[in-house]
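Here are my notes on the model, written as numbered points you can check against the viewer. Skip around as you like.

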Amino acid sequence: MRRRGGDDGGLELGTSAVAVLVVALVAAIGLELLHGSRLSIAKFGWSFWTGRDWDPVSGEFGALPFIWGTFYSSLLALLVAAPVGVGIAVFTTDVVPPRFRRPLAFLAELLAAVPSIVYGLWGIFVLVPVVRGLETVVSRTPLRKLPLFSGPPYGLGMLSAGLILALMVIPYVSSVSREVLQAVPVAQREAAYALGATRWEAIRAALHYGRTGILGAVFLGFGRAFGETMAVTMVIGNNPQLSASLFAPQYSMAAVIANEFSEATGDLYLHALTEIGLVLFVITLLVNAASRLLIWSVQRGPGRVSDGVPAPETIPPARAGEAA
Amino acid sequence: METATMTPSPTTPTHAVSMDARSAPASAPAADAPPLIEIGGFSFWYGPKQALFDIDLRIRERAVTAFIGPSGCGKSTLLRCLNRMNDLIDGVRVEGSVRVQGQDLYGPDVDVVDVRKRLGMVFQKSNPFPKSIFENVVYGLRLQGVKNKGVLRDACEKALRGSALWDEVKDRIEESALSLSGGQMQRLCIARALAVEPEVVLMDEPCSALDPIATAKIEELIFQLKERFTIVIVTHNMQQAARVSDETGFFMLGKLIEFDKTDVIFTRPKQKMTEDYITGRFG
């Protein structure tokens, strides 16, 4: 019988196989999506990406409103979730008395465990009416002249989608930011305090030390928001239009696939939906690559961790990579 | 009443400058100058555990005072009490007083932030911020709201000269502080502490992570710095204490066993325990 330990050849083989498998899976998904959307690709070519019409009856398909909706809702979500999430992280690492830290952090992370359909239902029954009320108020002010606040106050629309996404993404941003802040050496905060920093200034020093990690946390959130389907589908209004208005019912890539896949009649319709999936897949990869580049550039910024000298105990920038 | 008049009053200021507490029990015989820091009846607890027991100590201005003793003897704890860094730990408690120029640092209306500006600190492990050398040095000044670039530049140069680092880094102060060597980083941290012009520089084993050459540079620096600053240094290294300090306190299990001029401590200690420690019988 062979001993179980010491079999490093097997370890190498096994782990490389798994690593290759991951890459192969990504490639397979891409190829399958490509294959499944060949009719649509053949018919529309690149104009699919820029087409504004989505008319299954006349067989006109363009993805732009969905791409727009996905970006708009995700960015909106991040605009809310990034400060709130990082704020929660700071609160639970530096502000709250120690014995409340863990329970509070746990509660914040619990938000991530709520199924997205529950968020959707809560969105429909609680958030949307509130948003509608808010929009009604804004519609009565001169602000309605701005493109951002134009249109009738439905409640169902971009603002609701952005807010519900923000809520869903906050636990990701906060828990990763929290880990980052906890990994900042005590010596950094002490250095700041010893030079006469207030608590807020010491926190800023810690945030600066962990900035790449925090950025990674935000991108993790962005990645989550980008692919989120169910809750968004329930509150975004499902109307494929390009609108800058927060009030307008719009659509997202994930939502249109979820909504229309089962009732897609005809091969072209089906292939067009699959191509939306392909577009989502490609854009997600690109966004991730871009975020990784951004993190690198921050790491190598002026007067920062230069000359190839690794920062002692620097936060690994790994987080963003998980944001797919 | 009678006894009171008989007691030789220790408080006879030549002119009634202020009603501060400097005039308190200045009973030390032949003290050349009033001490800058007076620690009186000072005890300290981490939660239920008492770490310092009734410490009385005077620290002279523009001199180097060393705290020595075996690990866990409370020397670092005491040092960190001098700029209230221990406040950052939860559940600590103090008794007694630490007076700097008569003002009790643990008094009711003391601004902790202000205390830390007056008593700068250098840590065991150098802890530069991941910023440029320049930004590291002027960090404390920026906290104080100094924005004028010229003022900051001058202060940066002065502090770097003060920590004997200027010649090595003057051409690259915009580079990352993390590109410096270990010894340079520690001198940068000293420069950073000097830049805010503190009254006292507290050093918590500043050389323990450095090689002998870097250590020698820092010791030389300490020697120069005492012309301008009051220095309190905690060290594990007895030779270092003997080399750099004017006065030395020996601590054991949270108690100050002996405090005297450094040469006295190292040549004719009064306490058996001190002698045993410095001759290497334990510790």
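1. One cut-off before anything else: a residue is called buried when its relative accessible area is under 20%, exposed when that value is over 50%, and partly exposed in between. B:Arg80 comes out at 12%, so this arginine is buried. Keep in mind throughout that this is a predicted model.

2. What does B:Arg80 pair with? Its side chain meets that of A:Glu190 in a salt bridge, with an N to O distance of 2.5 Å. B:Arg80 sits in helix H2 (residues 75–82) of chain B and A:Glu190 in helix H8 (residues 186–194) of chain A, so this pair links two chains. A:Glu190 is buried as well, with a relative accessible area of 13%.

3. Now the interface as a whole. Chain A puts 26 residues into the contact and chain B puts in 29 residues. Between them about 2,200 Å² is buried, and carbon and sulfur atoms give 62% of that. On the chain A side, A:Glu190, A:Ala194 and A:Leu195 supply 28% of the area buried against chain B, more than any other three residues. So how many salt bridges cross between chain A and chain B? The count is one, and A:Glu190 with B:Arg80 is a pair that joins the two chains. A:Glu190 therefore turns up twice here, in the salt bridge with a buried B:Arg80 and among the three residues that supply 28% of chain A's buried area.

4. Chain A, in outline. Chain A has 13 helices and two strands, and its C-alpha atoms fill a box of roughly 70 × 70 × 40 Å along the principal axes. Of its 324 residues, 47% are buried. If you take the contacts in chain A between residues at least 6 apart in sequence, 75% of them join residues at least 24 apart. The accessible surface of chain A is about 16,200 Å², with 69% of it belonging to carbon and sulfur atoms.

5. The cores. In soluble globular proteins, nonpolar side chains tend to be buried together. Here the largest nonpolar core holds 68 residues, and A:Phe48, A:Trp54, A:Met253 and A:Ile276 have the most contacts inside it. Several helices of chain A give two or more residues to this core, including H4 (64–95), H10 (211–227), H12 (253–260) and H13 (267–299). The largest share, 13 residues, comes from H7(A). A second core, separate from that one, has 42 residues, with B:Leu57, B:Phe67, B:Met121 and B:Leu143 among them.

6. For a closer look at the larger core, try A:Met253. Which residues does A:Met253 touch once its neighbours within four places in sequence are left aside? The list is A:Phe66, A:Ile67, A:Thr70, A:Phe226, A:Ile276, A:Val279, A:Leu280 and A:Ile283. A:Ile276 is one of the residues named with A:Met253 for having the most contacts inside the core.

7. Not every nonpolar side chain is tucked away. A:Val114, A:Ile117, A:Val118, A:Leu121, A:Trp122, A:Ile124, A:Phe125, A:Val126, A:Val130 and A:Met230 form a nonpolar patch on the surface, and together they have about 830 Å² of accessible area. Helix H6 (residues 116–139) of chain A gives the most to this patch, with eight residues. A:Val130 belongs to H6 of chain A and counts as exposed at 53% relative accessibility. H6 is also listed among the elements that give two or more residues to the largest core.

8. Last, the salt bridges elsewhere. Over all chains the structure holds 20 of them. B:Arg161 bridges to B:Glu157, with the closest N and O atoms 2.7 Å apart. Both are in helix H6 (residues 149–162) of chain B, four residues and about one turn apart. B:Arg161 is partly exposed at 46% relative accessibility, and B:Glu157 is partly exposed at 26%. B:Lys272 and B:Asp276 form another salt bridge, at 3.1 Å, and are likewise four residues apart, in helix H12 (residues 272–278) of chain B. Is each partner buried or exposed? B:Lys272 is exposed at 54%, whereas B:Asp276 is buried at 15%. Finally, B:Lys158, B:Glu197 and B:Arg228 are joined into one network by salt bridges that share partners.

Methods: Residues numbered from 1 in each chain as written. Chains lettered and ligands numbered in written order. Predicted model: local features only at pLDDT ≥ 70, side-chain atom pairs only at ≥ 80, totals over all residues. Heavy atoms only, no water. Patch = residues over 30% accessible without salt bridge, like charges linked within 9 Å, V, L, I, M, F, W, Y side chains within 5 Å. Areas by Shrake-Rupley, 256 points an atom, 1.4 Å probe, with all protein chains shown as cover. Salt bridge = Lys/Arg side-chain N within 4 Å of Asp/Glu carboxyl O. Buried < 20%, exposed > 50% of the residue type's maximum accessible area, 1.4 Å probe, protein only. Core = buried A, V, L, I, M, F, W, Y, C linked by side-chain atoms within 4.5 Å. Contact = heavy atoms within 4.5 Å. Buried area = accessible area lost by both parts, 1.4 Å probe.
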